[in-house]
Amino acid sequence: MQHNLTIYNTLTRTKEKFEPIHPNLVGMYVCGPTVYSDVHLGNCRTFVSFDLIFRYLLHLGYKVRYVRNITDAGHLEGDNDEGDDKFAKKAKLEQLEPMEIVQKYTLGFHEVLRLFNTLPPSIEPTATGHISEQIEMIKKILDNGYAYEVNGTVYFDVDKYVKEHNYTILTNRKLEDLLNNTRELGGQDEKRGRLDFALWIKAKPEHIMRWPSPWGIGFPGWHIECSAMSRKYLGDQFDIHGGGMDLAATHHTNEIAQSEACNHVQPAKYWMHTNMLTVNGARMSKSAGNGFLPYELFTGSHPLLKRGYSPMAVRFFMLQAHYRSTLDFSNEALDAAEKGYKRLMTAIGLLDKIVPASQNKFDLDIQALRQRCYAAMDDDFNSPVLIAELFELVRLINSVYDGIQRIDEATLMEIKETIQYFIFDILGLKDEQSDGDNGTTEKLMELIIQIRNEAKKNKDFATSDSIRNELATMGIQLKDSKDGTLWNKI
Ligand code: AMP
Ligand code: ZN
């Protein structure tokens with residue numbers, strides 16, 4: 001395969017040429033959501049980033065097995081394998097069965113990712129559906145001497161592991177610093193070492209999600225699920241393992257240790273970590289309570305928002321930053337992204353109206369531009385540079401439409417193909433304004449807004465309210481602003 005894709009590998013802290021273990025076949029595992037509550041916009045950023053990566057690998061012609069799990073068990077409130085199970089706690093709060101909680105938030109997650117136009121993964125395994133694989137792996141780690149059992153709970157023996165391996169290979173942190181940041185073992189502690197973590201946890205009598213195991217009734221620790229599911233579907237060693245940057249220090253560090261202790265190989269060749277979506281510089285997170293729900297963003301119903309933004313405007317906002325840069329949320333940045341997205345879609349809409357000339361007279365080398373687009377994506381999936389290149393094309397399209405430059409039929413086809421590849425297939429954007437109807441929806445909306453404004457002017461509020469409410473039931477949101485009435489579709 002002819003390409004020069006380079007990927008920044010967290011493991012080596014360098015950009016490396018991408019060379020999959022099996023030619024033309026890529027195995028990619030991405031840590032999925034914990035479905036005890038709605039995903040927030042930060043989570044969505046990570047999944048949109050991996051969607052871009054998935055799409056580009058597909059575009060390059062790879063057959064990709066993309067596995068993204070659903071975490072539906074084993075998430076305790078405390079960092080130290082202690083506290084209540086988050087699923088059981090939420091189930092109590094919402095008076096639902098834990099698996100109803102899982103179903104409710106899994107469906108919500110799928111719907112949100114559908115709105116963001118992400119492609120579904122090839123396999124979406126759940127932790128609860130893979131208990132036996134997790135038990136089998138724990139047994140092997142015990143047999144290999146890297147774990148110990150105390151009173152029905154199995155711990156990973158980090159002290160033993162660090163004697164032969166680099167436990168902090170992913171973050172390069174000093175072991176002493178890690179120890180200094182971990183609390184001393186107390187008298188009640190069953191763990192031998194401060195950094196040891198649970199592979200299997202004995203269930204207290206009130207614990208609802210529980211399974212039989214060789215060590216008694218219990219449930220798996222969080223980290224083991226990803227090791228077991230990636231191993232099952234991608235093998236002991238696969239190409240890409242990804243997730244948000246916040247997962248590197250603990251979850252992924254422990255995954256590497258478990259997999260090495262079980263299979264004697266590093267599980268993934270390339271570790272990829274997406275950077276965080278922040279609000280006023282602070283990481284958006286469930287626990288910090290600064291999480292925007294995607295629907296709050298689409299409808300503008302969050303106190304920090306001036307108005308709503310459509311899913312594609314938000315996707316564009318995310319893609320305008322490189323996946324390894326932080327992205328700070330602000331109304332201004334979203335306004336700019338929406339404007340950029342609309343400029344792009346308007347120009348694409350003009351393509352069908354352009355009448356090709358018999359001769360070319362334009363000043364852009366489209367083949368060279370296309371090469372620069374590939375170069376941007378080959379450079380560790382640099383979507384902001386790609387987007388900047390695509391705006392060169394927007395300028396050309398506008399100029400041809402305005403009669404300033406001329407293009408022939410072949411050039412028009414070349415431009416259309418470039419748009420199809422990079423805007424639709426790779427960036428995964430779609431034209432939500434016209435829905436492929438050449439602007440008819442836009443024009444109809446203008447007409448409806450005009451009728452509503454007339455009604456308001458005539459103090460016929462029954463009509464103006466009914467128009468707003470009817471549109472809302474169709475998922476169309478109106479927002480009156482100083483620039484007139486804006487609309488967006490959820
Ligand atoms: P969780 O459901 O909390 O396990 O998170 C699901 C995914 O979202 C993980 O890959 C996290 O690393 C990622 N994530 C969490 N918070 C953010 C954030 N603020 N920005 C980007 N990704 C995030
Ligand atoms: Zn994981």
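Is I451 buried, exposed or partly exposed? In this predicted model, I451 is partly exposed, because its relative accessible area is 47%, a value that falls between the limits of under 20% for buried and over 50% for exposed.

**View 1. I451 in helix 15, and the division of the protein into domains.**
The residue I451 has its place in helix 15, which runs through residues 440-457. The protein as a whole is divided into domain 1 (6-274), domain 2 (278-426) and domain 3 (440-489). When the centres of domain 1 and domain 3 are taken over C-alpha atoms, 47 Å separate them. A second distance can be followed from I451 itself: its C-alpha atom is separated by 56 Å from that of Y270, and the two residues are 181 residues apart along the chain.

**View 2. The surroundings of ligand 1.**
Ligand 1 is surrounded by 19 residues, and the closest of them are G42, T46, D246, L277 and M284. Sorted by character, the residues of this shell divide into seven nonpolar, nine polar and three charged. Two domains take part in the shell, since domain 1 (6-274) and domain 2 (278-426) each give at least three residues to it. Helix 1 provides the largest share of the shell, namely four residues.

**View 3. Polar atoms facing ligand 1.**
This view turns to individual atom pairs between the protein and the ligand. An oxygen atom of ligand 1 lies 3.0 Å from a backbone N or O atom of T34, while a nitrogen atom of ligand 1 lies 3.0 Å from a polar backbone atom of G42. The side chain of N43 also takes part, with one of its N or O atoms 3.1 Å from an oxygen atom of ligand 1. On its own, ligand 1 has 490 Å² of accessible area, and the protein covers 94% of this area. The elements that give two or more residues to the shell are helix 1 (41-59) and strand 9 (238-244).

**View 4. The zinc ion (ligand 2) and its protein donors.**
Which atoms of the protein are the donors of the zinc ion? They are SG of C31, SG of C226 and NE2 of H251, and they lie 2.0 to 2.2 Å from the ion. Along the sequence, the donor residues follow the spacing C-x194-C-x24-H. C31 belongs to the loop between strand 3 (25-30) and helix 1, whereas C226 belongs to helix 7 (residues 222-234), so the pair ties together parts that are 195 residues apart in sequence. Both C31 and C226 are buried.

**View 5. N275 and its contact with R324.**
The residue N275 is found in the loop between strand 10 (268-274) and strand 11 (277-279). With a relative accessibility of 10%, N275 counts as buried, because the limit for a buried residue is a value under 20%. A polar atom of the N275 side chain lies 2.9 Å from the backbone oxygen of R324.

**View 6. Helix 10, a mostly covered helix.**
How many of the nine residues of helix 10 are buried? In this helix, which spans residues 311-319, nine of nine are buried, and the helix is therefore described as mostly covered. Among these buried residues are P311, R315, F316, F317 and L319.

**View 7. Two residues with a positive phi.**
N117 is not a glycine, and yet its phi is positive, at about 60 degrees; this residue is found in the loop between helix 3 (98-115) and helix 4 (131-143). D380, which is not a glycine either, has a positive phi of about 55 degrees. The loop that holds D380 lies between helix 12 (366-378) and helix 13 (383-401), and D380 is buried there, with a relative accessible area of 0%.

**View 8. P205 in a loop and K140 in a helix.**
P205 has its place in the loop between strand 7 (197-202) and strand 8 (218-220), and with a relative accessible area of 75% this residue is exposed. The C-alpha atoms of P205 and I217 are separated by 9.6 Å, and the two residues are twelve residues apart along the chain. K140, by contrast, lies in helix 4 and is partly exposed, with a relative accessible area of 32%. From the C-alpha atom of K140 to that of I169, 29 residues apart along the chain, the separation is 22 Å.

How values were computed:
Residues are numbered from 1 along each chain as its sequence is written. Chains are lettered from A and ligands numbered from 1 in the order in which they are written. This is a predicted model: local features need pLDDT of at least 70, side-chain atom pairs count only at pLDDT 80 or more; totals for chains, interfaces and linings use all residues. Side-chain values use heavy atoms; hydrogens and water are left out. A residue is near a molecule or strand if one of its heavy atoms lies within 4 Å of it. A polar contact is a pair of N or O atoms within 3.5 Å; within protein, one must be able to donate a hydrogen and the other to accept it, and residues adjacent in sequence count only if both atoms are side-chain atoms. Accessible areas come from the Shrake-Rupley method with a 1.4 Å probe; for residues, only the protein chains shown count as cover. Ala, Val, Leu, Ile, Met, Phe, Trp, Tyr, Cys and Pro count as nonpolar, Asp, Glu, Lys and Arg as charged, and the others, Gly among them, as polar. Domain bounds come from an automatic or database domain assignment. Donors are N, O and S atoms within 2.8 Å of the metal (3.2 Å for Na, K and Ca); water is not among the atoms, so sites may look incomplete. Buried means under 20% relative accessible area, exposed over 50%, partly exposed in between (1.4 Å probe, protein chains only).
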